[in-house]
Amino acid sequence: MLDIINDLLWGKVLIVLLIAVGIGFTVCSRFVQFRYFGRMFRILSASQAFKRDKHGHLSSFQALLLSVAGRVGGGNIAGVAVAITLGGPGAIFWMWLVGLMGMATSYLECTLAQAYKTTQPDGTYRGGPAYYIARGLGSQWKWLAGLYSVLLLVTFGFGFTALQSYAVATSVDDAFGIPVVYTGIAMAVVVGLIIFGGVKRIARVAEVLVPVMAVGYLLIAIVVLSMNLTRIPDAILLIVNSAFGLEQAVGGGIGAAILMGVKRGLFSNEAGLGSAPNVAAVAYVPHPANQGIVQAFSVFIDTLIICSATAFTILLSGVYDPAAVADIGGVALTQASLADHVGEWGRSFVSIALLLFGFSTILYNYYLGENSINFLSDQNKTLFNVFRIAVIGLCSWGAITDLGTVFAFADVTMGFLALANLIALIMLIKPGLRFMRDFDDQIKAGIEQPIFDASKFSDLNVDPAAWDIEPEDLQRVRRPQVATPPSS
């Protein structure tokens, strides 16, 4: 039954909806992910990206790293290999396309999360799909917000925490022979020390861990590419030709390439699931669109950079053989491919990368669960502590348990999670476009750093207390801009 529901959700309904929202908002926003691609780097290089306010909220850069910690996981290593095994090299092309469209979806959901965030008694922010559903759609839709929070807690807080623990423990066992029970206990202890410090401690860990794991993985990919410079054009040509059925069919031909590329791309970058907006909402930024632009960049990092690194490592290796590739798949294919390039230590490197990716994802999953409990219980500290203890237990239990049924169940709940979020995004596209136009208009007026004036959006039920902008900054954007005459 779980397989039937999973196939219906991910094989038909969600693929159509996710692509429709991605392409639809791309067109409605006049290709916002491409218009502001350069601004992504300007925002992250500006001092504002690292700025925290008087309450010590996360900076825009910390929120980016925390969301990358969640997006970048086993899907970037094992998922890409599965896509190539079942869909052929052409699946990578469709994965790229989904990533580019997913950047627009991520921009929309993360901008909404910022706009509809709320302040807490301790001065921190909370936000995400449950909040923009409840505030943006009105009280009659609170049931959907509550349902989303329950699904988020079950899927990420519980299900995927155990699954990541299992993936990390088995990978360490395979590579280094360390029994899974010891890895599970070690993870439980370290995770416990971090999560009892709250989201700020999680962000500080991510600030160190994510650059190390992402940069390390990309450096080894650059080494592989530099060793195979003359073959890169052929690999790109193979990907493009396979995407359109111009190469010998692998698996199910062009249909399998499209299906696997789309599914693996969506699983990897999570654009449309509503998970990243929970993190995007807690950052201190001057305008919601700032974080929308930054989070669109996190999809680019995940799919267009890290997934591509895995894909080229596999396709440029002597291990990849379209006729026999079905005999080896998943993380084993990635390990064998890297070992073919750099020697046997490449297998251990992949295992270490998977460990770091999985560990960072556990921390991210914990925060998503915490955010759900906050929405459902309104700062109940007892429930927070019970959840923390449960997560620590799941790290130990997940490491030593066969989680096939748990994985199938989590896949189904994640499908319903995405369905609830996509329905909300479709209904909130107009407010999303309005926030975007406010940002666009200020840029056109010559304001390099647009400011969100919450008083202009009182009809949209935003929380003005969450936008404690400095008075001089508000005056700057409220004052009519005088065009500067061109110099002779």
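1. Let's start with α8 and α9, which lie oblique to each other. Their axes cross at roughly 130 degrees, and an angle counts as oblique when it is neither roughly parallel, roughly antiparallel nor roughly perpendicular. Do keep in mind as you read on that this is a predicted model.

2. For finding the pair on your screen, helix α8 covers residues 142-176 and helix α9 covers residues 180-195. The two axes come within 9 Å, and the crossing of α8 and α9 is right-handed.

3. Which residues of α8 and α9 meet? On the α8 side they are S165, V168, A169, T170, V172 and D173, and their partners in α9 are V180, T183 and M187. Sorted by class, this contact has five nonpolar, three polar and one charged residues.

4. A second pair worth a look is helix α1 (residues 2-28) with helix α12 (residues 254-269). Here the axes are 11 Å apart and the packing angle is about 70 degrees. That angle falls in the 65 to 115 range, so α1 and α12 are roughly perpendicular to each other.

5. From α1, the residues W10, I15, L18 and I19 touch L259, V262, K263, L266 and F267 of α12. By class, the contact of α1 with α12 has eight nonpolar, no polar and one charged residues.

6. Now for the cysteines: how many disulfides does the structure hold? The number is zero. C28 counts as partly exposed because its relative accessibility is 42%, while C395, with a relative accessible area of 0%, is buried.

Definitions and conventions
Residues numbered from 1 in each chain as written. Predicted model: local features only at pLDDT ≥ 70, side-chain atom pairs only at ≥ 80, totals over all residues. Heavy atoms only, no water. Axes fitted to C-alpha atoms, helices over the stretch in contact; angles between N-to-C directions. Helix = DSSP H or I, 4+ residues; strand = E, 2+ residues; numbered from the N terminus. Parallel < 35°, antiparallel > 145°, perpendicular 65-115°, else oblique. Left-handed = near helix turned anticlockwise from the far one by under 90°. Contact = heavy atoms within 4.5 Å. Nonpolar A, V, L, I, M, F, W, Y, C, P; charged D, E, K, R; others polar. Disulfide = S-S within 2.5 Å. Buried < 20%, exposed > 50% of the residue type's maximum accessible area, 1.4 Å probe, protein only.
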